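User: Could you take a close look at the ligand site in this one for me? I'd like a connected walk through what surrounds the ligand, and then a tour of the backbone oddities elsewhere.

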Amino acid sequence: MIDLNLLKTGADSLGVVLDDKALERFDAYAELLVFWNERINLTAITDPEGIVKKHFLDSLALLKYCDIKSDAKMIDVGTGAGFPGLAIKIARPDIDITLMDSTQKKLTVIEDIMKKIDLDANIIHSRAEEAGHDDTLREQYDFATARAVSNLRDLTEYCLPFVTIGGSFISMKGADAKAELADAEHAIEILGGKVIKFDEYELDGCGERAIINISKVSNTPDKYPRPKGKMQKQPL
Ligand code: SAM
């Protein structure tokens, strides 16, 4: 259904090589996304070119700006219909991906897609602020990532607890990234993070994007993440 040449050349320009199997999986993913979107509201982007550029290539840009070593453990918080986590898994099946979302019906769709494209990922139905206190998940990941879930300050509180010291929280943001970063600086420090890289780029005619790499330099204090209401009442 999608233009595989557009996807392949777009991925090439990000330094991501997609083999025939990956292209086949992306094609099936796009079809299933459209199929499920008619039943469950997953995304406003359903045209083939939009899916390639604004979902698949946008997600794969993470691999251009961050060096993810082979077999790394990564958690995608608020994955929705699988962005960026499932797209990254298709391009890099070696990465051990966990897809987390608070909405079960989206995860049911993800499970169906994973089964049909014959890929494995760990799927967790939870709110990040609860899962962040689970010892089997806390400080267990080399990377946490998230796209379009919350402002950077709250998102750092959601995501950094999952990351092991020496790992990174990689936030995928739009045009407001600099202002969000300014608002989040205090939170990042309190939560044990340090911004080590900030990349801004244009997504092939689709607008400005930014990827912020926040390294985990010390343990996140036990009281974080806090419940969402508390985050809102007492922003860090
Ligand atoms: N990351 C996907 C993308 O870029 O297309 C989905 C973005 S969607 C706007 C936000 C997703 O985050 C939703 O699927 C929602 O259920 C999930 N979400 C919001 N707050 C969450 C939380 N505290 N913990 C886990 N998931 C959350």
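Analyst: The ligand sits in the largest pocket of this predicted model. Around the ligand there are 16 residues, and the ones that come nearest are Gly78, Phe83, Asp101, Ala128 and Arg147. Sorted by class, that shell is a mixed bag: five residues are nonpolar, six are polar and five are charged.

Now for the polar contacts. Arg147 is one of the nearest residues, and an N or O atom in the Arg147 side chain is 2.6 Å from an oxygen atom of the ligand. On the nitrogen side, the side chain of Glu129 puts an N or O atom 2.9 Å from a ligand nitrogen. Ser102 joins in through its backbone instead, with a polar backbone atom 3.3 Å from a nitrogen atom of the ligand. As for how much of the ligand is covered, on its own it has 600 Å² of accessible area, and the protein covers 80% of that.

Two of the residues that come nearest, Phe83 and Arg147, also lead us to some backbone details. Start with Phe83: the peptide bond from Phe83 to Pro84 is cis, and its omega is near 5 degrees. Pro84 belongs to the loop that runs between β1 (73–77) and α4 (85–91). There is another cis bond to look at, from Tyr224 to Pro225, with omega near 0 degrees. Here the proline is in a loop too, between β7 (208–216) and α9 (228–233).

Then Arg147. Strand β4 covers 141–147, and Ala148 is found in the loop between that strand and α7 (152–159). Ala148 isn't a glycine, yet it has a positive phi of about 60 degrees. Is Ala148 buried or exposed? It's exposed, because its relative accessible area is 73% and anything over 50% counts as exposed. Asp118 tells a similar story: no glycine there, but a positive phi of about 60 degrees. Its loop lies between α5 (104–117) and β3 (122–125). With a relative accessible area of 59%, Asp118 is exposed.

That loop hands over to β3, so to speak, and Asn122 is in that strand. Asn122 is partly exposed, at a relative accessible area of 37%. If you want a through-space link from there, try Leu99: it is 23 residues away from Asn122 in sequence, while the two C-alpha atoms are 6.1 Å apart.

Last stop is β7, the strand that comes before the Pro225 loop. Glu208 and Ser215 make a nice pair to check here. Glu208 lies in β7 and is partly exposed, with a relative accessible area of 46%. Ser215 is in β7 as well, but this residue counts as buried because its relative accessibility is 11%, and the cut-off for buried is under 20%. Each has a partner elsewhere along the chain. For Ser215 that's Ile196, 19 residues apart along the chain, with 6.3 Å between the C-alpha atoms. For Glu208 it's Ala177, where the separation is 31 residues along the chain and 9.4 Å between C-alpha atoms.

Methods
Residues are numbered from 1 along each chain as its sequence is written. This is a predicted model: local features need pLDDT of at least 70, side-chain atom pairs count only at pLDDT 80 or more; totals for chains, interfaces and linings use all residues. Side-chain values use heavy atoms; hydrogens and water are left out. A residue is near a molecule or strand if one of its heavy atoms lies within 4 Å of it. A polar contact is a pair of N or O atoms within 3.5 Å; within protein, one must be able to donate a hydrogen and the other to accept it, and residues adjacent in sequence count only if both atoms are side-chain atoms. Accessible areas come from the Shrake-Rupley method with a 1.4 Å probe; for residues, only the protein chains shown count as cover. On a 1 Å grid over the protein atoms alone, a cavity is a set of points where a 1.4 Å probe fits but cannot get out, and a pocket is an open set with protein on both sides within 12 Å along at least five of seven lines; lining residues have an atom within 4 Å of a point. A molecule sits in a cavity or pocket if more than half of its atoms lie within 2 Å of its grid points. Ala, Val, Leu, Ile, Met, Phe, Trp, Tyr, Cys and Pro count as nonpolar, Asp, Glu, Lys and Arg as charged, and the others, Gly among them, as polar. Helices (H or I, at least four residues) and strands (E, at least two) are DSSP runs, numbered from the N terminus. Buried means under 20% relative accessible area, exposed over 50%, partly exposed in between (1.4 Å probe, protein chains only).
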